[in-house]
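Hi,

Here is the structure I promised to send over. Have a look at it first, and then read on for what turned up.

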Amino acid sequence: MICVALPGLAISTEQGQLTGRGLEGFYRAGRRVLSRCQLRVAGREPLAVQARMAAADRARFVGTLRVTPQPGPDPDVIVERHRSADGTERITLHSAALRPLRLPVEVALGTDLADLGAIASGNAGPELPASVHDSGLRWSSAAGNASVTAEPPPADALASAGLLRWEVDLPPGGSTSVELRVRPDGAGPLRAAGRAATSPVAPARAAGDDPRVPALLRTSIEDLQSLLLRDPESPSDTHLAAGAPWRCGLAPADALAAARMALPLGTGLAAGTLRTLARTQVTGQGPRSGMIPGPRRDAGPHLPPGCTGTEATLLFPVLLAEARRWGLSAHDTEALLPAAERCLTWLRATVDDGTYLPDPHPGGPVRCETQAHAHRAALLGADLLDACGRPGGEGLRQWAQALRTAFRQDFWIDDLSGGRPAAARDPDGRPVPYLGAAAVHLLDTGLLGGGAWAPGLLDRARTEHLARLLGGPAMDSGWGLRGLGAKEPGHNPFGHRAGAVRVHETALAVAGLAAAGYDKEATSLLRGVLAAAECFGHRLPEMYAGEQRTEGSAPLPHPAACRPAATSAASAILLLTTLMGIRPDAPAGTVTLRPMSSAPLGEIGVTGLRIAGAPFSVRVSRLGLAMVEEAADGLQLGV
């Protein structure tokens, strides 16, 4: 159970006690400031009876005790623990006894002040000795210091045992509480960006026939808020961390992808993400000039690791162009345009006189996924340049047309079943024939003006065949889209990109299939990921095993998955927008609605979205008909 309000974390098991094992503990900025917090009442540990997430940043644990000699099995003391990612824990004892109670309460504390990476690799180190400090305990190491203070102050504080002790008086039916506060030395109260009144994520709400939809939307928005981080160089700019607990920092490609899917909640997150990444852009001369730096990433068993910097560089102008459609101000667009132009200049310079965007590492393959990103960036970038009166749009469109022509010739592998797109082409030109979820990027073509989607790299017939492949049993696990087809060599249901279901790719597949008119395949994937979300308490992990769904089964968690994860939380927003078919064009003052005609989840209403800086609410009936219930003044329905 992971409570998140970055840079704070609290990681617990369902027992509620923090034992110091594994990842358990309170964290601040990637360092464990408390690893052990074990409660004993009247010399015994409470019997754990319930553990629930109260919100993205808070968990509630309930235990019971029997402390009186009365006959029968009923407990007479209930113990509640409210644990928060901001480093606070409130312990409350409720008495159901018939007579007054006087109970000793002890909390054993300890920490190693270890870095999360060291803990994950099994190198946390021993617990540190404590010293009595103020109304609690303090620990020191070369890495830093941390302390726990208690309110009310304990009757005894024993440094050698790391123990705080109280004598608690409980009248019949009465309650009493102790609050612990865990902080690094010199740190004030945690001020998480997602808890601020200026949070860029709108608190949208949903209602309708399927109760899973409002629960998923509510939880996903809470998770997005919990993962918000401020840019140290410009604290007014916020972006999303990739996920907890493993990736609590900025991952450029993930941050851009999540901000793009979250555009229906407002353009503030997109603007903050773009400004933050523009400050990291490579400047000066050389082949990397204009790139957004990013790390290498595993690409599955059949391709070498890919460059997320390439993906981020191509997503930057796409996010800016689509944010403008959702209502990003002309001032913000103009301010970010030079960075987008540098991304597009890098694209053209890297392609040079060729047709395909090559792998940044010499001898690497020409990847299908990369060409899809590049094609989308060229078309939406050209649209953006034209709208802002900048040159270069026509050249980008001409290159995109040449890429489409060549791609349809070189990247389609014909076979008796109708063929498939190649995952890549080797340096010698041979196609890599394996079918994986990366092919969904061929359907993610991008939003242009008037509610129109940009053309894709595939023609209509091959788009239809790809839809059939993605909706078939080899790719659709029943819980979402597998990263690699079940019949492909190297398939592993737990493989990061070799068979596990990645929620982001499943959401892109649903959106792309629905936009292309393949509701049957989109609906199957949508229902699968909704069923998985319910099993995960509506907090979707970034990935889970691609085991085939069967009657009565549940999706298997992936041990290395982040949960919450920015792209998974934002995917819920994309799924909902897809159901509603919302396609805004704020500069033209229009919004087009193209809901899924089959209305696969029945009637749905959503309030609190944002278009053109104003609230936007829409309802889709069981017949698949959409009706706007609230919108910005002057916003008209498009055709």
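Before anything else, a quick one to try on the viewer: are Asp428 and Arg430 buried or exposed? Asp428 is exposed, and Arg430 is exposed as well. Their side chains meet in a salt bridge, 2.8 Å from N to O. Do keep in mind that this is a predicted model, and that every value below is computed from it.

**Salt bridges**

The pair you just looked at belongs to a longer list: a search of the whole structure turns up 40 salt bridges. Another one is between the side chains of Arg165 and Glu106, at 3.1 Å from N to O. That pair ties together distant parts of the chain, with Arg165 in strand 16 (residues 163-170) and Glu106 in strand 11 (residues 101-110), 59 residues apart. Arg165 has 25% relative accessibility, so it counts as partly exposed. Glu106 is partly exposed too, with a relative accessible area of 21%.

Then there is Arg622 with Glu603, whose side chains meet in a salt bridge at 3.8 Å, N to O. Here both partners sit in loops: Arg622 in the one between strand 33 (614-620) and strand 34 (626-630), and Glu603 in the one between strand 31 (590-593) and strand 32 (604-611). They are 19 residues apart, and this pair also links distant parts of the chain. Arg622 counts as exposed because its relative accessibility is 53%, while Glu603 is partly exposed at 23%. The two are part of something wider: salt bridges with shared partners join Asp209, Glu603, Arg619, Arg622 and Glu629 into one network.

**Sheets**

Toward the start of the numbering, 4 strands make an open sheet in the order 1-2-4-5, with antiparallel pairing. Strand 1 (2-5) and strand 5 (31-34) are at the edges with a single partner strand each, so one side of each has no neighbour in the sheet. From one strand to the next, the twist averages 25°. Strand 4 (residues 25-28) and strand 5 run antiparallel and are joined by 3 bridges. If you want a spot to zoom in on, Tyr27 stands opposite Arg32 in strand 5.

There is also an open sheet of 8 strands, again with antiparallel pairing, in the order 7-8-9-10-17-14-13-12. Its edge strands are strand 7 (47-55) and strand 12 (130-133), each pairing on one side only. The twist in this sheet averages 20° from one strand to the next. Between strand 8 (residues 58-65) and strand 9 (residues 77-84), which run antiparallel, there are 8 bridges. Phe61 has Arg81 in strand 9 as its bridge partner.

**Helices**

Helix 8 (residues 393-410) passes a simple length check. Its 18 residues should span 26 Å at 1.5 Å a residue, and the end C-alpha atoms are 25 Å apart, which agrees. Its buried residues are Gly393, Leu396, Trp399, Ala400, Leu403, Arg404, Ala406 and Phe407. What do they pack against? Their neighbours are helix 6 (330-351), helix 7 (368-387) and strand 24 (412-413).

Helix 3 (residues 252-261) is mostly covered, with 10 of its 10 residues buried. The buried residues include Asp254 and Arg260 as well as Leu256 and Met261.

In helix 10 (residues 503-516) you will find Thr506. Thr506 counts as buried because its relative accessibility is 0%. Leaving out residues up to four places away in sequence, Thr506 touches Gly480, Leu481, Val501, Leu525 and Val529.

**Cores**

The largest nonpolar core holds 151 residues. Which of them have the most contacts inside it? They are Leu224, Leu265, Phe316, Leu347, Tyr544, Ile582 and Phe616. To take one of these, Ile582 touches residues including Trp326, Val591, Leu593, Leu609, Ile611, Phe616 and Val618, again not counting residues up to four places away in sequence. A second, separate core has 40 residues, among them Ala10, Cys37, Leu109 and Val148.

Happy to go through any of this with the viewer open.

Cheers

Key
Residues are numbered from 1 along each chain as its sequence is written. This is a predicted model: local features need pLDDT of at least 70, side-chain atom pairs count only at pLDDT 80 or more; totals for chains, interfaces and linings use all residues. Side-chain values use heavy atoms; hydrogens and water are left out. Two strands pair if DSSP finds at least two bridges between them. Helices (H or I, at least four residues) and strands (E, at least two) are DSSP runs, numbered from the N terminus. Axes are lines fitted to C-alpha atoms, for helices over the stretch in contact, and angles run from 0 to 180 degrees between N-to-C directions. The expected span of a helix is 1.5 Å times one less than its number of residues. Buried means under 20% relative accessible area, exposed over 50%, partly exposed in between (1.4 Å probe, protein chains only). Contact means heavy atoms within 4.5 Å. A salt bridge is a side-chain nitrogen of Lys or Arg within 4 Å of a carboxyl oxygen of Asp or Glu. A nonpolar core is a set of buried Ala, Val, Leu, Ile, Met, Phe, Trp, Tyr and Cys residues joined through side-chain atoms within 4.5 Å.
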